[in-house]
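Trainee: Hey, have you got a minute to go through a protein with me? I'd like to pick it apart bit by bit.
Mentor: Sure, put it up and ask away.

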Amino acid sequence: MTQITLESVSKVFATARKRTVALNETSLTIDDCETVCVVGPSGCGKTTMLNLIAGFIQPTDGSISLDGREVTGPAADRAVVFQADAVFPWLTVADNVAFGLRMQRASRTERAERVERFLDLVGLTDFAKAYPKELSGGMRKRVDLARAYASGPEVLLLDEPFGALDLFTKENMWTALARVAAAEPKTIVFVTHDIEEALFLGDRVIVMTPRPARVHSVIEVPFGPDRTLDLRADPKFQALRIDIAHSLREVHDGAA
Ligand SMILES: Nc1ncnc2c1ncn2[C@@H]1O[C@H](COP(=O)(O)OP(=O)(O)OP(=O)(O)O)[C@@H](O)[C@H]1O
């Protein structure tokens with residue numbers, strides 16, 4: 001149960017040859033158990049923002065806090081899912097999902113319970129003993145998701161997790177994530193290039209400006225928690241999709 005606060009956060013990457021301002025005085029509050037989807041032009045600083053919240057890198061200026069506790073590095077209260085699979089090929093599906101729990105020295109019973117629960121939620125119960133090489137790309141993504149949830153973080157950070165999947169598999173992942181998120185609410189920050197994905201999964205969609213990124217606009221998504229893929233045919237969904245596409249076009253053209 002965690003609120004994320006970014007207060008005037010800037011990030012500058014400086015090398016001997018180049019200085020890149022990736023994030024510029026960005027302020028944002030993400031409420032407890034809210035899903036915020038972040039869209040913006042390529043290279044604007046979305047991953048940088050996620051890495052800052054994860055604690056993988058430190059802000060140059062400003063601060064990031066979780067319920068008032070300043071983020072100073074990575075910790076078990078935040079789990080990250082990337083586009084690339086992070087499954088360990090030498091572990092079974094069940095052992096992959098149990099990995100974080102094992103690191104936390106959870107008891108055998110707790111591990112078994114949580115692995116069973118999350119494999120069920122992502123629809124992989126029958127594959128508990130399989131190895132990753134026996135799975136499709138979408139199934140490996142389900143393992144990533146189950147593992148992230150099973151370790152019990154307060155915050156889930158997802159960086160284009162479904163970006164490499166085909167449309168059909170991606171849509172299945174949306175419903176899988178929505179199912180897990182409903183069963184175990186978390187504060188979620190989801191970076192994507194896909195406007196429909198952002199609208200289907202988000203409570204709010206944040207449109208970032210081109211680099212250096214700032215918040216350009218915030219779109220409240222007016223749909224309830226029980227979303228089905230049919231929602232995409234809803235005129236309100238389509239109107240919002242067009243609004244966000246316009247905002248992205250605007251920021252893109254503004255930068256050109
Ligand atoms: N470690 C680093 N060192 C130097 N520059 C970096 C580093 N990480 C990111 N950058 C630069 O910061 C800027 C923002 O990168 P970032 O990956 O956050 O963008 P993004 O919005 O996630 O891009 P995309 O949508 O294409 O994934 C880019 O210009 C990138 O080259």
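Trainee: Which residues in H1 are buried?
Mentor: Keep in mind that this is a predicted model. In H1, the buried ones are Lys46, Thr48, Met49, Leu50, Leu52, Ile53 and Ala54. That makes 7 of its 9 residues buried, so H1 is mostly covered, given that a residue counts as buried with 20 or more other C-beta atoms within 10 Å of its own.

Trainee: OK, and what comes just after H1?
Mentor: Glycine 55, which takes a positive phi of about 90 degrees.

Trainee: Switching to the ligand: which residues are around it?
Mentor: Here's the list: Phe13, Thr20, Ala22, Gly40, Ser42, Gly43, Cys44, Gly45, Lys46, Thr47, Thr48 and Arg211.

Trainee: Which element gives the most to that shell?
Mentor: H1 does, with 3 residues. Both strand S2 (19–30) and helix H1 (46–54) supply at least two residues each.

Trainee: And how do the shell residues divide into nonpolar, polar and charged?
Mentor: You get 3 nonpolar, 7 polar and 2 charged around the ligand.

Trainee: Let's zoom out. How many helices and strands are there in the protein?
Mentor: The protein has 7 helices and 10 strands. Its radius of gyration is 18 Å, close to the 18 Å that the globule rule gives for 256 residues, so the protein is as compact as a globular protein of that length. Along its principal axes, the C-alpha trace spans about 50 × 45 × 35 Å.

Trainee: What share of the protein counts as buried?
Mentor: Of the 256 residues, 39%. Another number to look at is 72%: among contacts between residues at least 6 apart in sequence, that share joins residues at least 24 apart.

Trainee: Now the sheet. What order do the strands have in the open sheet of 6 strands?
Mentor: They go S6-S7-S8-S3-S9-S10, and the pairing is mixed. The edge strands are S6 (78–81) and S10 (215–220), each pairing on one side only. On average, neighbouring strands of this sheet are turned by 15 degrees against each other, direction ignored.

Trainee: How many bridges join S6 to S7?
Mentor: 4 bridges, and the two strands run parallel. S7 covers residues 155–159. To see one partnership, find valine 80: its bridge partner in S7 is leucine 157.

Trainee: Back to helices. Which helices do the buried residues of H2 pack against?
Mentor: They pack against helix H3 (108–121) and helix H4 (137–150). H2 itself spans residues 93–103, and its buried residues are Val93, Ala94, Asn96, Val97, Ala98, Gly100 and Leu101. Just after H2 comes arginine 105, with a positive phi of about 55 degrees.

Trainee: One last residue: where does leucine 248 lie?
Mentor: In helix H7, which runs over residues 235–255.

Trainee: Why does leucine 248 count as partly exposed?
Mentor: Because it has 19 other C-beta atoms within 10 Å, and buried takes 20 or more while exposed takes 12 or fewer.

Trainee: Which residues does leucine 248 touch, leaving out those up to four places away in sequence?
Mentor: Val39 and Val207. Try threonine 29 as well: its C-alpha atom and that of leucine 248 are separated by 21 Å, and the two residues are 219 apart along the chain.

Conventions
Residues numbered from 1 in each chain as written. Predicted model: local features only at pLDDT ≥ 70, side-chain atom pairs only at ≥ 80, totals over all residues. Near = placed C-beta within 6 Å. Nonpolar A, V, L, I, M, F, W, Y, C, P; charged D, E, K, R; others polar. Pairing = 2+ DSSP bridges. Axes fitted to C-alpha atoms, helices over the stretch in contact; angles between N-to-C directions. Contact = placed C-beta atoms within 7 Å. Rg over C-alpha atoms; globule rule 2.2 N^0.38 Å.
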